[in-house]
Amino acid sequence: MNLYCQAVVDKYTHTFIFIGELKKLVEEGKIKYIGLSEASASTIRGAHAVHPITAVQLEWSLWSRDVEEDIIPTCRELGIGIVAYSPLGRGFFSSGPKVVENLSNNDVRKYLPRFLPENLEHNKTIFERVNELAARKGCTSSQLALAWVHHQGKDVCPIPGTTKIENFNQNIGALSVRLTPEEMVELESFASEKGVKGDRYVNIAVSTWKNSETPPLSSWKAS
């Protein structure tokens, strides 16, 4: 296996213990690299001290940028690659508010704060502005939003999900979209932290880097 990535920080098995076990698998030649997902900056540092972390997966898009304060700088300081999931805001930057119209009842997006009617009505303005700039650039809104992630650096690899060849081809086309520094700033102004209504998740329902901080190893006891 090339990359073994811990999907979320385990609240029951200490992360540094877990990384220590993965280190053994690397030494045995069973896996090549170790990754983390939704880990805080301090957890990343601690895990990296046990064994070099190759990649950290996190949500990073025009309207999910809180990782830029601590996590992105930490990854770059340590030379860790960044895997940006949901770079299209879970489809929001592809279809805007219409994305919720065809969601099934078991689609988690239907219950995420940003997609609730009271917040979506406000957030649709973000999509409209992105769409306007995309029209001026001669690309789609999804290509523009994805290009913004690509422009964050060569150490960033976005992983947009799709089930349609047409959308896949559009995602590939985003690689050809060039953005000036001024356009990057303009895009970021559309979806500033204060301009987005609703959190990524319902906090108590999902483990993220905000609510899954790894405690000091000295405080952990195996159950």
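The largest cavity in this predicted model has a volume of about 40 Å³. A general idea helps in picturing such a space: rolling a probe the size of a water molecule over the atoms shows where empty space is left. With a cut-off of 30 Å³ or more, the count comes to one cavity.

The walls of the largest cavity can be followed residue by residue. Its lining is made up of Glu59, Trp63, Gly89, Arg90, Leu112, Arg114, Phe115 and Arg200. Sorted by character, the lining residues of this cavity comprise four charged, three nonpolar and one polar.

Attention now turns to the sheet. Five strands form an open sheet, and they follow one another in the order β1-β2-β3-β4-β5 with parallel pairing. At the edges lie β1 (3–6) and β5 (156–159), each of which pairs on one side only. From one strand to the next, the twist averages 25°.

One pair of neighbours in the sheet shows how the strands are joined. Strand β3, covering residues 55–59, is linked to strand β4, covering residues 81–85, by five bridges in the parallel sense. Within this pairing, Val56 has Ile82 of β4 as its bridge partner. Glu59, which belongs to the stretch 55–59 of β3, is also one of the residues lining the largest cavity.

A helix completes the picture. Helix α1, formed by residues 15–27, packs on the sheet, where it touches both β1 and β2 (33–37). The direction of helix α1 makes about 155° with that of β2.

How values were computed
Residues numbered from 1 in each chain as written. Predicted model: local features only at pLDDT ≥ 70, side-chain atom pairs only at ≥ 80, totals over all residues. Heavy atoms only, no water. 1 Å grid on protein atoms, 1.4 Å probe; cavity = no way out; pocket = protein on both sides within 12 Å on 5 of 7 lines; lining within 4 Å. Points joined across faces, edges and corners; volume = space filled by probe spheres on them. Nonpolar A, V, L, I, M, F, W, Y, C, P; charged D, E, K, R; others polar. Pairing = 2+ DSSP bridges. Helix = DSSP H or I, 4+ residues; strand = E, 2+ residues; numbered from the N terminus. Axes fitted to C-alpha atoms, helices over the stretch in contact; angles between N-to-C directions. Contact = heavy atoms within 4.5 Å.
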